[in-house]
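Work through the exercises below with the sequence and the model side by side. Each task is followed by a solution that proceeds in steps.

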Amino acid sequence: MVSVLIVNSRSLHRLGLRMFLADEPDLTVVGEAANGAEAVRLSTALRPDVVLMDGRLSAPEGVEAIRRIVRPPLLPQVPRLPGTAVSPPRVLVLTPVDDEGYAYAALRAGACGFVLEDATPEELTAAVRVVAAGDAVITPDLTRALIDAVRRQGASPLPGRDIGPNTLTQRERDVLVAVASGWSNAEIAARLSIAPTTVKSHVSHILAKIGARARVQAVAFAYEYGLVQPAA
């Protein structure tokens, strides 16, 4: 059973999200929060697997809440409820289609998934499951926008990481540069003359080595360390 905390400033939206999630036998809503402070408090108390965060929470409130949720100072030593997570929750952001700036800030704060707010219930529940399983999910349209946002922002360190590109093999660097250039796995496979499954394996190894949760975080890493340069 995947436990979910809903964070949304609009009560009707919270109700709708709860209804969508309640229809799924493997998902359960353990709480609701209307603002960032409530989200931090309830995520610590309830320890959900996934925090479904409203991308319309005003900055810096929403971004700071994400940062505090994924990197709490210390989880209290209290008996946890059945179905609640031991590790910090994973944050899935429900974001407006036209606000890649917030998505970029949320990514840097530690969010590991992004779904457009006009997603279907099926897309939303699928994203919750993917994030709960430990993977990252970013809708294709938003991936392109986030990569563009990384390019505009230029290089700046992602929080909580002190490793550099020397940990990567030359082939992994080649793949990372291709990812940062916006190529799909199929395009990378064709250009580097390797199998698509090999590309996928390289990307997984890159994310693990640099401590990234999502592909676009690897893009930020590549710009940070000068492996690629922002377009003029």
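The exercises that follow concern a predicted model, and they go from confidence to cores, a helix, a strand residue and a surface patch.

**Exercise 1. Establish how confidence is distributed along the protein chain, and which elements have the lowest and the highest mean pLDDT.**

Step one is the overall figure: the protein chain has an average pLDDT of 82, and 81% of the residues score at least 70. Step two goes to the elements, among which strand E1 (residues 2-7) has the highest mean, 97, while helix H6 (residues 140-153) has the lowest, 69. Step three picks out residues 74-81, where the pLDDT is below 50 and where the model shows seven contacts beyond near neighbours in sequence. Where pLDDT is low, predicted coordinates should not be read in detail.

**Exercise 2. Describe the largest nonpolar core, and say which elements each supply at least two of its residues.**

Begin with the membership: the core holds 33 residues, of which Met53, Ile66, Val91, Val93 and Phe114 touch the most other members. Next, trace the contributors, since at least two residues come from each of E1, H2 (36-46), E3 (50-54), H3 (61-70), E4, H4 (100-109), E5 (113-116) and H6. H4 gives the largest share, six residues. Then look at Phe114, whose contacts beyond four places in sequence include Val93, Ala103, Leu107, Ile138 and Leu146. Finally, a second core, separate from this one, has 22 residues, among them Ala178, Ile188, Ala212 and Val228.

**Exercise 3. Decide why helix H10 (residues 215-224) can be called largely enclosed.**

Count the buried residues: nine of the ten in H10 are buried, so the helix is largely enclosed by the rest of the structure. The buried set includes Val216, Phe221 and Tyr223, and also Gln217 and Glu224. After H10 comes Gly226, which has a positive phi, near 75 degrees.

**Exercise 4. Is Thr95 buried or exposed, and which residues does Thr95 contact beyond four places in sequence?**

Thr95 is located in strand E4 (residues 90-95). Its relative accessibility is 0%, and therefore Thr95 counts as buried. Outside its neighbours within four places in sequence, its contacts are Gly55, Ala103, Val115, Leu116, Glu117 and Leu142.

**Exercise 5. Identify the residues that make the nonpolar surface patch of about 340 Å², and classify Leu15 by its accessibility.**

The patch is formed by Leu12, Leu15 and Met19. Leu15 belongs to helix H1 (residues 11-22). Because its relative accessibility is 45%, Leu15 counts as partly exposed.

Conventions:
Residues numbered from 1 in each chain as written. Predicted model: local features only at pLDDT ≥ 70, side-chain atom pairs only at ≥ 80, totals over all residues. Heavy atoms only, no water. Patch = residues over 30% accessible without salt bridge, like charges linked within 9 Å, V, L, I, M, F, W, Y side chains within 5 Å. Areas by Shrake-Rupley, 256 points an atom, 1.4 Å probe, with all protein chains shown as cover. Salt bridge = Lys/Arg side-chain N within 4 Å of Asp/Glu carboxyl O. Helix = DSSP H or I, 4+ residues; strand = E, 2+ residues; numbered from the N terminus. Buried < 20%, exposed > 50% of the residue type's maximum accessible area, 1.4 Å probe, protein only. Contact = heavy atoms within 4.5 Å. pLDDT = per-residue confidence, 0-100. Core = buried A, V, L, I, M, F, W, Y, C linked by side-chain atoms within 4.5 Å.
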